[in-house]
Amino acid sequence: MKPKYRSRIEIISSILEASVEGAKKSKVMHRSFVSNTQFKLYIDHLIDKNLLRIDSESNLTITTKGLDFLDHYHILEKMLDLTIGKHSLKDDVYSHYLLRK
């Protein structure tokens, strides 16, 4: 079986989704299925672009801008029918935050 390679935007999306409820870096890496090396490549950029923030307890948390990014990403994903296998937990958690807007 050939491995499925993810695009940069898919990796960014998975990191943001894993950060919706706030979590330690290791938990976000685990939930988003990225290696430590991959994580290091993306994390600073996501924080610099104000898509993620680190709180006083060193938890990564998605920002409002990050939620907006995910909203637009999922709209495009549906429009282009690019849906990949997602965890139902991510969809449930993300939907909860969209309803709060």
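## Overall layout

The protein chain has a secondary structure of five helices and two strands. This is a predicted model. Along the sequence, the elements of the protein chain follow the pattern α-α-α-β-β-α-α.

The protein chain has 101 residues, of which 37% count as buried. Among the contacts in the protein chain with a separation of 6 or more, 57% are between residues 24 or more positions apart.

## Helix α1 and its burial

Helix α1 covers residues 8–18. It is mostly covered, with nine of its eleven residues buried. Those buried residues are Glu10, Ile11, Ile12, Ser13, Ser14, Ile15, Leu16, Glu17 and Ala18.

Ser14 of helix α1 has a relative accessible area of 5%. Buried means under 20%, so Ser14 falls in that class. A polar atom of the Ser14 side chain lies 3.5 Å from the backbone oxygen of Ser32.

## Where α1 meets α2

Helix α2 spans residues 25–32. The axes of α1 and α2 cross at roughly 130 degrees and come within 8 Å. That angle makes α1 oblique to α2. The crossing of the two helices is right-handed.

From α1, the residues in this contact are Ser14, Ile15 and Ala18, and from α2 they are Val28, Arg31 and Ser32. By class, the contact of α1 with α2 has three nonpolar residues, two polar and one charged.

## Arg31 and Ala18

Which backbone oxygen lies 3.1 Å from a polar atom of the Arg31 side chain? The backbone oxygen is that of Ala18. Arg31 and Ala18 are 13 residues apart along the chain, and their C-alpha atoms are separated by 5.6 Å.

Arg31 is located in helix α2. Its relative accessibility is 28%, and Arg31 therefore counts as partly exposed. Ala18, by contrast, is listed among the buried residues of α1.

## Where α1 meets α3

Helix α3 is formed by residues 36–48. It packs against α1 at an angle of about 75 degrees, and the axes of the two helices are 11 Å apart. The two helices are therefore roughly perpendicular to each other, since angles of 65 to 115 degrees are put in that class.

Which residues bring α1 and α3 together? On the α1 side they are Arg8, Ile11, Ile12 and Ile15; on the α3 side they are Gln38, Phe39, Tyr42 and Leu46. Six nonpolar residues, one polar and one charged make up the contact of α1 with α3. Ile15 of α1 appears in this contact and also in the contact with α2.

An α-helix has 3.6 residues a turn, so residues three or four places apart point the same way.

## Phe69 in helix α4

Phe69 belongs to helix α4, which is made up of residues 64–79. At a relative accessible area of 24%, Phe69 is partly exposed.

Leaving aside neighbours within four places in sequence, Phe69 is in contact with Ile9, Ile12, Leu16 and Leu51. Of these, Ile12 and Leu16 are among the buried residues of α1. Phe69 and Leu51 are 18 residues apart in sequence, and the distance between their C-alpha atoms is 7.9 Å.

## The loop between β1 and β2

Strand β1 (52–54) and strand β2 (60–62) are joined by a loop that holds Asn59. Is Asn59 buried or exposed? Asn59 is buried, and its relative accessible area is 15%. Not counting residues up to four places away in sequence, Asn59 touches Ala23, Lys24, Arg53 and Ile54.

Ser58 is in the same loop, between β1 and β2. With a relative accessibility of 43%, Ser58 counts as partly exposed.

## Two residues with positive phi

Most residues other than glycine have a negative phi. Ser58 is not a glycine, yet its phi is positive, at about 65 degrees.

Asn50 likewise has a positive phi, near 60 degrees, in a residue other than glycine. Its place is in the loop between α3 and β1. Asn50 is partly exposed, with 44% relative accessible area.

Key: Residues numbered from 1 in each chain as written. Predicted model: local features only at pLDDT ≥ 70, side-chain atom pairs only at ≥ 80, totals over all residues. Heavy atoms only, no water. Axes fitted to C-alpha atoms, helices over the stretch in contact; angles between N-to-C directions. Helix = DSSP H or I, 4+ residues; strand = E, 2+ residues; numbered from the N terminus. Parallel < 35°, antiparallel > 145°, perpendicular 65-115°, else oblique. Contact = heavy atoms within 4.5 Å. Nonpolar A, V, L, I, M, F, W, Y, C, P; charged D, E, K, R; others polar. Buried < 20%, exposed > 50% of the residue type's maximum accessible area, 1.4 Å probe, protein only. Polar contact = N/O pair within 3.5 Å; in protein donor to acceptor, adjacent residues only side chain to side chain. Left-handed = near helix turned anticlockwise from the far one by under 90°.
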